[in-house]
Amino acid sequence: MRQKYAKRLANIQPFKVMKLLARANELEAMGRPIVHMEVGEPDFVTPQPVLEAGIRAIREGRTKYTPAAGLYELRQKISTFYLSDYGVEVAPERIFITAGGSGALLLAAALTINSGEGLLMSDPGYPCNRHFLSSFGAEAQLVPVSSTDGYQLTADLIRQNWCQTTRGVMLASPANPTGAILLPDALTEIIDYVGQQNGHVIVDEIYHGLFYSNAASTSALEISDQVVVVNSFSKYFGMTGWRLGWLVVPEDAADSVDKLAQNLFICASSIAQYAALEAFTETARQEMETNRFEFEVRRDFLVKNLRELGFEIPLEPQGAFYVYAKLPANIINSEDFCSRLLEEFNVAITPGTDFGYFEADRHVRFSYARNLQVLRSGIDNIRQALKVLV
Ligand SMILES: Cc1ncc(COP(=O)(O)O)c(C=O)c1O
């Protein structure tokens, strides 16, 4: 019998963390004090100037379609941001405003790959990337990475894994789930090698801005104008629910991306775009910087306490708001551990199996998107759990 819906659905896996979140919410509704360390969303509200600009946009009736590439004024502001924060000139015409980083990832996939081809990406990595590719009949060519590689693809790994169907690489810095960053030299080597293969380099920079311990914040755009860069207002700018991001492409790709954006989305939310015009003001940036310092304090607290509890964290995460940790020796199944931690000890965390296959069963991801008080009670509960579960 013919399948009712498309065959591609069979290859798309739901986020395990969403099931876990639904269960956590159910338990919470029953009165259980659940500690949320699974969420990938900052607890800070959107900076005040952005909120006010959003309200103003609604009052002034700015509720119509914008150009597919986004408001030119916003593209100009992002261009100025690249100059002020990174010292690199990026013409507004190369910048496309999208519905979140997700919209930008979809456009990046549509722009760069044919069906039957693939992009190399790290395992562990952000799970949706695999599915963006499979939506176009392409595949994620997963390369296991560990702390020895800094949890990132290296030029060597790319060379070893490049095959006939490989069209390029997809990188993320800082990365989800590891918080690992790519240093400028490593990034340059990768861009050079992939360039020699006539391949594409797509870099997800959506956690940019959230760097700690003076980690370098090099954008791939500082190294080459031939890379495709994804960014978002979700994380550093604190605008997850507004659904706004952007894509930067080489000059010769701009017309193609414009027609893709017209067809796929028409445009990103006009209200969100008007609000984001205020995201680069000094007052808004000050709020974001205060939040960044707070994230660093949380990271230090979590890494120290998890290590004391026996979780292995060989590399201190240098960005984003996640800690990817190896489970203490006697725990062998991350999904089972996460489920028992939630059901019996009220703590929600994400199993490594959400991020790939390589040693996924032995790893879990903790998010520090919630405040120190929440993290403290999470650690207390995990301490109790380990007495029983190890
Ligand atoms: C690495 C990475 N890329 C992209 C996204 C998409 O985020 P958004 O669409 O909210 O910008 C996420 C969300 O968590 C992410 O972790």
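## Working through a two-domain model

The domain assignment splits this protein into domain 1 (7-45 + 284-389) and domain 2 (64-280). Keep in mind as you go that this is a predicted model.

**Exercise 1. Describe how domain 1 meets domain 2, and work out which element of domain 1 gives the most to that side.**

*Solution.*
- Start with the spacing: the C-alpha centres of domain 1 and domain 2 are 25 Å apart.
- Next, count who takes part. Domain 1 puts 35 residues into the contact, and domain 2 puts in 34 residues.
- Now look for elements on the domain 1 side that give two or more residues: these are helix H10 (282-308) and strand E9 (322-326).
- H10 comes out on top, giving eight residues, the most of any.
- Finish with chemistry: the side of domain 1 that touches domain 2 holds 20 nonpolar, seven polar and eight charged residues.

**Exercise 2. Find the angle at which H4 and H5 cross, and name the residues that meet.**

*Solution.*
- Fit the axes of helix H4 (residues 100-112) and helix H5 (residues 128-135): they come within 9 Å and cross at roughly 45°.
- That angle makes H4 oblique to H5.
- As for handedness, H4 passes H5 in a right-handed crossing.
- On the H4 side, the residues are Ser-102, Leu-105, Leu-106 and Ala-109, and they meet Cys-128, Asn-129, Phe-132 and Leu-133 of H5.
- Sort this contact by class and you get six nonpolar, two polar and no charged residues.

**Exercise 3. Do the analysis again for H4 and H8: are they oblique or parallel?**

*Solution.*
- Here H4 packs with helix H8 (residues 254-264) at an angle of about 125°, and the axes are 10 Å apart.
- So H4 and H8 are oblique to each other.
- The crossing of H4 past H8 is right-handed.
- H4 brings Leu-106, Leu-107, Ala-110 and Leu-111 to the contact, while H8 brings Ser-256, Val-257, Leu-260, Ala-261 and Leu-264.
- By class, that contact has eight nonpolar residues, one polar and no charged.

**Exercise 4. Which residues come nearest to the ligand, and which element supplies the largest share of the shell?**

*Solution.*
- There are 13 residues around the ligand, and Gly-100, Gly-101, Ser-102, Ser-232 and Ser-234 come nearest.
- Helix H4 turns up again: the largest share of the shell, three residues, is from H4.
- Now the class split: three nonpolar, nine polar and one charged residue make up the shell around the ligand.
- Lastly, link back to Exercise 2. Ser-102, one of the residues that come nearest to the ligand, is also one of the H4 residues that meet H5.

Definitions and conventions
Residues numbered from 1 in each chain as written. Predicted model: local features only at pLDDT ≥ 70, side-chain atom pairs only at ≥ 80, totals over all residues. Domains from an automatic or database assignment. Contact = placed C-beta atoms within 7 Å. Helix = DSSP H or I, 4+ residues; strand = E, 2+ residues; numbered from the N terminus. Nonpolar A, V, L, I, M, F, W, Y, C, P; charged D, E, K, R; others polar. Axes fitted to C-alpha atoms, helices over the stretch in contact; angles between N-to-C directions. Parallel < 35°, antiparallel > 145°, perpendicular 65-115°, else oblique. Left-handed = near helix turned anticlockwise from the far one by under 90°. Near = placed C-beta within 6 Å.
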